Amino acid sequence: MILQALKGYYDRKAADSESGISPDGWELKEIPFVVVLNENGSLIQIEDTREGEGTKRRGRYFSVPQGVKRSSGVAANLLWDTAGYVFGITDLEGLGEADKKRKLSRLIEQKKAFIDRIQNEIPDTPRKKALVAFLSGIEQSVLEKTLQWDDIYRTNPNISFRFDHELMLYCETEGIRTALVAKAGSKEYDGLCLVSGERDKISVLHTAIKGVWGAQSSGANIVSFNQDSFCSYGRRKQQGWNAPIGESAMFAYTTALNSLLSRDSKQRMQIGDTSTVFWSAKKTQFENDFTYFFAEPSKDNPDEGINHIRTLFDSPKNGYVEDPDSTNFFLLGLSPNAARISVRFWRRGTVGEFAGHIRQYFKDLEIVKPKNEPLYYSLWRLLVNASIQDKSDNIPPNIEGDVMRSILDGTPYPATLLQLVLRRIRSDTENRVKPVRAALIKAYLNRYYNKEVIQVALDTNESSDSYHFGRLFAVLEKIQEEANPGLNATIRERYYGAACGSPVTVFPTLLRLKNHHIAKLENKGRAINFERMITEITSHFNDFSSHLDLHDQGKFAIGYYHQRQDLFTSKKE
Amino acid sequence: MMQDWCLEVWGEYACYARPEMKVERVSYDVMTPSAARAIFDAILWKPAISWHITKIEVLNPIRWISIRRNEVGKIMGEPTQAQLEGKSGDSAGFFVEEHRQQRAGLFLRDVRYRIYGWFEFIPPEKRKPRLSQYDEFWADSEEQTNNTRSDESPAKYAAMFERRAKKGQCFHRPYLGCREFACNFTLVEGVHPIKEKINDDSDLGWMLYDMNYEDPSCPKPEFFRAYLENNTVNTDRRTLEVRS
């Protein structure tokens, strides 16, 4: 199903001529240098396609015949390859004598393989002859005169060819294309493809998937059988036969996945250690905007994300903007394991379903907050504020994926999330319950009970005692603040942890202290007002509990937060 | 044709590994016919019968869980020629601690299915040849000439299956795709239509039907296009196209 959905995405993209996805047998490759030849095969210049600055300079991407999968042997690509293959020359500095010798003989082999492929696979034309003549007659002294030679010599980059007065690479020209298509059409069928259900040539080795965060930069595989224990019925020798996938399906799924994972892709997200890609069965706005719902807004344009979330709320009950609700939407989470890629999660649903769940996620997080707080919190901001020292390095490894899964499934958040944020509140003596933490606890509790147990703002009718303990604590703190302005350590620093853990041990002391603080207040009206507040709050419970469990500690934090927000909001009469 | 028996099976976890993702395992969305067949086999199997699965009903919503666990990355070697001849030598086994590796898996959670199947009775002459090198042993000539398996009939095996399934007897503990995910079962008698819609109808893609063991040295996989409709996957070979 995963591979099938990826193939579906490829087919969708391939049908759209503007998508720029490679046709079967081709791939997009970065080609930093293009050798420009004239019709006789003499070198005119070497073109530098790189853009950008300093070490970040990157070459342009060209559509080239698909590269071969190389391990240790010599195998050349068609009409493009590294300088070692094309010129038979690379930097040998720093190698020992024996290594140098081995490398040199290998370079000769490489260059021969490169020329052989052109000889064997391209129909005879004057241009082919010119190219082969150029390749066979390369002299280092000529190359050294070109401006780019230094860079090429040092970095061994990909190189391809272009004839003078032409815009496209030689390998992209009509003649080469038709020749390659004809070759692809003549392959033999030898098995049943489990993705398409059709007979096809079974692919033995699959193209590597690049761009999974943490995996080898040369790419890793989803479908691979690199040990005996992975192979069924002794199919060690014919690896791909363990899971017969036809070459065209293999090409489609790897190309689709590589394009989804590519650096500029808008359809990827990093969730914890999991690289996540998403797509819909048909073209939708939702798939383009999906990242905005979870990403931290960019500094350049902080409103952009907010606008997308607002659109999400404004769009009809299900679906998103004008996307049909029933369009299938897919999410695939990948993470590396050894040289392979493992699927961490796979969700299939409709746009309507996902939009609904994400809407619920933002609704759960709604809470009264000061004006300078962001309207919506990104997932990262939520988690970082629940982690030790508010550092993203300290976000526990699994939590992000677990929370994401809960959001997308509309299920309760993992219990570890509540533990995490409560622990953080206890240890953060300075800030205690920040708005973002309060929002997180509210979302957790409301999801857990699957109803609005906690309101957006102060709720004097709340039924749980612990909520009112929190409120009481906030009022006591306020009294102290007003009685002794500019105090270094208030009861918040000293008593919050104990008060939310075992109220009975501290509240009697705090209430006694309160009497001293109130006596200090100069404004008697204010003092009476506070006393009245305390009476109202204490009327909700009979006694202080000896112990609060995690959920009650959460309610305590919310009560404290709500009451505190309420104290600082000017009342309209 | 024999009747369709129905078993209700359930368990905490299940993994019907897709062939393309069987290293870092990812399960199919629902049980495969071959896994269902294996459950029937676990309760009653004889060379005389072969089970066929007609449909699979999915009674619980499809839920997933991702787990990392330790596995062993090696298979047992075969004994050397010298060892077969009775001489001692290096052990063919290996020490698991040296071959542990951590692998990820995407499994199913809290599954419950109703599986329907019937068995085909295979007459003695059509059975696979026995692998034993010795001739069949008979008590006397009368047994050989007159009574050769005269007691053998489909009804006998049907009764055996029913009795065993009702009592919860099995030859080996049935499992949900992987040995480590043990399966509970009960025989369902009568008709129990599913009232509510639990899972959305969907196209599950090409799914493994079973392995074709006709050539024992190289079994071939067979695939069919699975659709989940009204919580049911039709797996009846007589109405389906199975490709291999």
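This talk goes through the overall build of chain A and then one strand of chain B.

Before anything else, note that what we have here is a predicted model.

Chain A first. Its secondary structure amounts to 20 helices and 12 strands. For 573 residues the globule rule gives 25 Å, and the radius of gyration of chain A is 32 Å, well over that, so chain A is more spread out than a compact globule. In terms of a box along the principal axes, the C-alpha atoms take up roughly 100 × 50 × 45 Å.

Now burial and surface. Of the 573 residues in chain A, 50% count as buried. The area that chain A exposes is about 27400 Å², with 49% of it supplied by carbon and sulfur atoms.

On contacts, take the pairs in chain A that are at least 6 residues apart in sequence: 68% of those contacts join residues at least 24 apart.

On charge, chain A carries 76 positive and 73 negative charges, and the mean positions of the two sets lie 3 Å apart.

Next, chain B, where I will stay with strand 1. This strand covers residues 5-14, and seven of its 10 residues are buried, which makes it mostly covered.

Which strands does it pair with? One is strand 4 of chain B, residues 100-121, joined to strand 1 by nine bridges and running antiparallel to it. In that pairing, Ala14(B) sits opposite Leu108(B). Another is strand 5 of chain B, residues 184-188, also antiparallel to strand 1, with five bridges between them. There, Cys6(B) faces Val188(B) across the pairing.

That is the end of the tour.

Notes
Residues are numbered from 1 along each chain as its sequence is written. Chains are lettered from A and ligands numbered from 1 in the order in which they are written. This is a predicted model: local features need pLDDT of at least 70, side-chain atom pairs count only at pLDDT 80 or more; totals for chains, interfaces and linings use all residues. Side-chain values use heavy atoms; hydrogens and water are left out. Helices (H or I, at least four residues) and strands (E, at least two) are DSSP runs, numbered from the N terminus. The radius of gyration is taken over C-alpha atoms; the globule rule is 2.2 Å times the number of residues to the power 0.38. Buried means under 20% relative accessible area, exposed over 50%, partly exposed in between (1.4 Å probe, protein chains only). Contact means heavy atoms within 4.5 Å. Accessible areas come from the Shrake-Rupley method with a 1.4 Å probe; for residues, only the protein chains shown count as cover. Lys and Arg count as positive and Asp and Glu as negative; His and the chain ends are not counted. The place of a charge is taken as NZ of Lys, CZ of Arg, CG of Asp or CD of Glu. Two strands pair if DSSP finds at least two bridges between them.
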